[in-house]
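Welcome! Here is a short tour of a protein for anyone meeting it for the first time. Take a look at the sequence and the model, and then read on.

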Amino acid sequence: MALKLRGEPGAAFLAAGTDGRDGPTAAAGAMVDGSTWDEAERRGLQPARALAEFDAGRVLSRWGC
């Protein structure tokens, strides 16, 4: 969603779980907005690589989300 919302001011997306479990990880969700993708790139977090590897959690956890 961060890629889809890229550059859209005022746009945001929240993905949330209800039980604190999301598969085999501790992640229960995250929130991104129109600036998330570019900020992740600026921080050197390689969001395109994470997306290709189905590992958005790596980027978001390093960001503190």
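Starting at the N terminus, the elements of the protein follow the order α-β-β-α-α-α. That makes four helices and two strands. Please keep in mind that this is a predicted model. The points below go from the overall picture to the inside, and then to charged pairs and backbone details.

**The overall picture**

- The protein has 65 residues, and 22% of them count as buried.
- About 4,700 Å² of the protein is exposed, and carbon and sulfur atoms supply 55% of that area.
- How many of the contacts between residues at least 6 apart in sequence join residues at least 24 apart? The share is 30%.

**The nonpolar core**

- In soluble globular proteins, nonpolar side chains tend to be buried together.
- Here, the largest nonpolar core consists of five residues, namely A2, L5, V32, W37 and L60.
- L5, one of the residues of this core, also has a list of contacts beyond its sequence neighbours: leaving out residues up to four places away in sequence, L5 touches A11, A12, F13, V32, D33 and G34.
- V32 is therefore both a member of the core and a contact of L5.

**Helix 4 and its packing**

- Helix 4 spans residues 56–63, and its buried residues are R58, V59 and L60.
- What do the buried residues of helix 4 pack against? They pack against strand 2 (29–33), helix 2 and helix 3 (47–52).
- L60 appears again here, as it belongs to the largest nonpolar core.
- R58, with a relative accessibility of 14%, counts as buried because the cut-off for buried is under 20%.

**T36, a buried residue in helix 2**

- T36 is found in helix 2, and its relative accessibility of 10% makes it count as buried.
- A polar atom of the T36 side chain lies 2.8 Å from the backbone nitrogen of D33.
- Not counting residues up to four places away in sequence, T36 touches A2 and W63.
- One of those two partners, A2, is also part of the largest nonpolar core.

**Salt bridges**

- How many salt bridges does a search of the whole structure find? It finds six, and three of them are introduced here, starting with R6 and D38.
- In the salt bridge between R6 and D38, the closest N and O atoms are 2.6 Å apart. R6 sits in the loop between helix 1 (2–5) and strand 1 (12–16) while D38 sits in helix 2 (residues 36–42), so this pair ties together parts that are 32 residues apart in sequence.
- Are these two partners buried or exposed? R6 counts as partly exposed at 38% relative accessibility, and D38 counts as partly exposed at 36%.
- R6 also meets E41 in a salt bridge, with 3.2 Å from N to O. This pair links distant parts of the chain, with R6 in the loop between helix 1 and strand 1 and E41 in helix 2, 35 residues apart.
- E41 has a relative accessible area of 39% and is partly exposed.
- R58 forms a salt bridge with D55, and their closest N and O atoms are 3.9 Å apart. Here R58 is buried, whereas D55 is partly exposed at 30% relative accessibility.
- Salt bridges with shared partners join R6, D38 and E41 into one network.

**Two loop residues with positive phi**

- Q46 is not a glycine, yet it has a positive phi of about 50°. Where is Q46 found? Its place is the loop between helix 2 and helix 3.
- At 43% relative accessibility, Q46 counts as partly exposed.
- F54 is not a glycine either, and its phi is positive at about 55°. F54 lies in the loop between helix 3 and helix 4.
- F54 has a relative accessible area of 78%, so it counts as exposed.

Definitions and conventions: Residues are numbered from 1 along each chain as its sequence is written. This is a predicted model: local features need pLDDT of at least 70, side-chain atom pairs count only at pLDDT 80 or more; totals for chains, interfaces and linings use all residues. Side-chain values use heavy atoms; hydrogens and water are left out. A salt bridge is a side-chain nitrogen of Lys or Arg within 4 Å of a carboxyl oxygen of Asp or Glu. Buried means under 20% relative accessible area, exposed over 50%, partly exposed in between (1.4 Å probe, protein chains only). Contact means heavy atoms within 4.5 Å. A polar contact is a pair of N or O atoms within 3.5 Å; within protein, one must be able to donate a hydrogen and the other to accept it, and residues adjacent in sequence count only if both atoms are side-chain atoms. A nonpolar core is a set of buried Ala, Val, Leu, Ile, Met, Phe, Trp, Tyr and Cys residues joined through side-chain atoms within 4.5 Å. Accessible areas come from the Shrake-Rupley method with a 1.4 Å probe; for residues, only the protein chains shown count as cover.
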